[in-house]
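Me: I've got a structure open and I'd like to talk it through with you, one question at a time. Ready when you are.

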Amino acid sequence: SSADGEAKVTADSWRKIDFQNVYKDIAALLEDEDYDDGSYGPVFVRLAWHASGTYDVRTKTGGSDGATIRFAPESGHGANAGLDVARARLEPLKKKYPHISYGDLYTLAGVVAVQELGGPTIRWRPGRTDGKVATDCTPDGRLPDAAQGASHVRDIFYRMGFNDQEIAALVGAHALGRCHTTRSGYDGPWNASPTAFTNFFYTELLDNTWVPKKWSGPFQYVDKPSGAFMMLPADMAFKTDPVFRTHVERYAADQDAFFADFAKAFAKLLELGVQFPADAPVYEFKALD
Ligand code: HIF
């Protein structure tokens with residue numbers, strides 16, 4: 001159980017931790033040839049985002065502080081299906097570094113994954129606490145529903161405090177990983193290199209003809225003619241909505257612009273609702289060789 005580790009985490013116990021070492025240890029957990037496409041990186045990014053993306057800017061509830069994603073009922077919310085796999089993979093590091101909070105561990109895992117899969121440097125600060133309990137879980141429905149379109153996506157991300165440009169920059173993370181029929185019900189990767197952080201979400205979205213997948217599963221798109229790659233209905237909103245599309249075209253044409261804007265928006269996402277100690281250091285970790 002995690003109770004021992006939790007008891008030791010106080011508001012400033014991060015001071016005892018060498019986060020460069022934690023970074024290295026998370027990086028060592030990424031590769032596994034028997035898991036998915038060979039990397040836990042994509043599911044670590046999804047864990048970091050789902051731990052954070054429950055934030056409501058109006059009520060100032062949710063977010064990664066306290067990491068309520070590990071408690072029922074939030075752990076069992078439909079949007080979080082499969083994230084137990086990522087949490088279990090990281091659990092040995094909570095044992096090794098009992099002073100790290102779960103919120104810091106989960107968000108740092110997302111940073112490590114983005115960077116080690118070839119993405120931009122993400123500024124990151126420690127200071128999240130373990131001081132929340134199951135009754136602090138956010139209500140179901142705070143994370144986006146992949147079956148819906150642009151107005152729903154805006155509702156969800158405006159609630160977190162993002163604007164259209166930031167939302168369009170974030171969605172590029174769907175270059176990573178895949179959908180699993182056993183988790184979301186959807187199926188397949190977004191492109192041919194799901195373990196590399198690229199701007200391929202945008203280029204594939206614009207360059208392919210996307211057609212409804214013919215199957216008995218949930219409505220989604222596949223590329224014509226190969227059928228090897230997928231788009232969620234919510235992803236397709238970034239092609240059809242004219243404002244989102246302006247940003248998508250820019251990021252498809254300019255990977256550096258995407259990397260710069262993603263780095264800012266993703267760092268902001270991971271910090272939503274967290275009260276950092278005034279002297280918490282901001283890390284810019286170097287990717288390992
Ligand atoms: Fe995802 N996302 N996401 N997502 N997501 C899935 C998988 C990943 C949405 C739905 C899904 C973001 C936004 C949205 C990642 C990262 C981010 C899956 C498939 C669904 C259904 C889960 C599964 O079956 O395993 C929706 C509707 C979003 C709003 C548009 C973020 C921007 C893109 C915020 C983000 O960073 C990653 C990485 C994965 C791949 C996980 C894996 O296990 O490979």
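Me: Let's begin with the metal. Which residue is the only protein donor of the iron atom of the ligand?
Reply: Bear in mind that this is a predicted model. The iron atom of the ligand has a single protein donor, an NE2 atom at 2.1 Å. That NE2 belongs to His 174.

Me: And where is His 174 found?
Reply: Look past helix H7, which covers 164-170, and before strand E1 at 178-179. His 174 is found in the loop between H7 and E1.

Me: Which residues lie nearest the centre of the largest pocket?
Reply: The lining of that pocket runs to 46 residues. The iron donor, His 174, is one of those nearest the centre. The full set is Arg 46, Trp 49, His 50, His 174 and Leu 232.

Me: What is the volume of the largest pocket?
Reply: Its lining draws at least three residues from each of domain 1 (3-142 + 265-271) and domain 2 (150-263). The volume comes to about 1,000 Å³.

Me: Which element gives the largest share of the lining of the largest pocket?
Reply: Helix H3 (41-52), helix H6 (150-160), H7, E1, helix H9 (233-240) and helix H11 (255-271) each supply at least two residues. The largest share is 6 residues, and it comes from H3.

Me: How many residues in the lining of the largest pocket are nonpolar?
Reply: Take the other classes before the one you want: 10 of the lining residues are polar and 9 are charged. The nonpolar ones number 27.

Me: What about the second largest pocket: how many charged residues are in its lining?
Reply: This pocket holds about 160 Å³ of space. Its lining includes Lys 60, Asp 65 and Lys 132, along with Tyr 55 and Gln 275. By class there is 1 nonpolar residue and there are 4 polar ones, while the charged count is 3.

Me: Lys 60 caught my eye there. Is it buried or exposed?
Reply: Lys 60 lies in the loop between H3 and H4, and its phi is near 55 degrees, a positive value in a residue other than glycine. Its relative accessibility is 63%, and the cut-off for exposed is over 50%. So Lys 60 counts as exposed.

Me: Ala 67 has a positive phi too. Is Ala 67 buried or exposed?
Reply: Ala 67 lies in the loop between H3 and H4, with a phi of about 45 degrees although it is not a glycine. Its relative accessible area is 1%, and anything under 20% counts as buried. Therefore Ala 67 is buried.

Me: Where is Pro 73 found, the one with a cis peptide bond from Ala 72?
Reply: The bond from Ala 72 to Pro 73 has omega near 5 degrees. Helix H4 covers 83-96, and Pro 73 is found in the loop between H3 and H4.

Me: Which residue is joined to Pro 225 by a cis peptide bond?
Reply: Pro 225 is found in the loop between E4 and E5. Omega for the bond is about 10 degrees, and the residue joined to Pro 225 is Lys 224.

Me: In the hairpin of E4 and E5, which residue in the turn has a positive phi?
Reply: E4 and E5 run antiparallel, joined by 2 bridges, and Val 222 has Met 230 as its bridge partner in E5. The hairpin has 5 residues between its strands. The one with a positive phi, about 70 degrees, is Gly 227.

Me: Last one: what is the bridge partner of Pro 212 in E4?
Reply: Strand E3 (residues 209-212) and strand E4 (residues 221-224) run antiparallel, with 4 bridges joining them. Pro 212 has as its partner in E4 Tyr 221.

Terms used
Residues numbered from 1 in each chain as written. Predicted model: local features only at pLDDT ≥ 70, side-chain atom pairs only at ≥ 80, totals over all residues. Heavy atoms only, no water. Pairing = 2+ DSSP bridges. Donors = N, O, S within 2.8 Å, 3.2 Å for Na, K, Ca; no water. 1 Å grid on protein atoms, 1.4 Å probe; cavity = no way out; pocket = protein on both sides within 12 Å on 5 of 7 lines; lining within 4 Å. Points joined across faces, edges and corners; volume = space filled by probe spheres on them. Nonpolar A, V, L, I, M, F, W, Y, C, P; charged D, E, K, R; others polar. Domains from an automatic or database assignment. Buried < 20%, exposed > 50% of the residue type's maximum accessible area, 1.4 Å probe, protein only.
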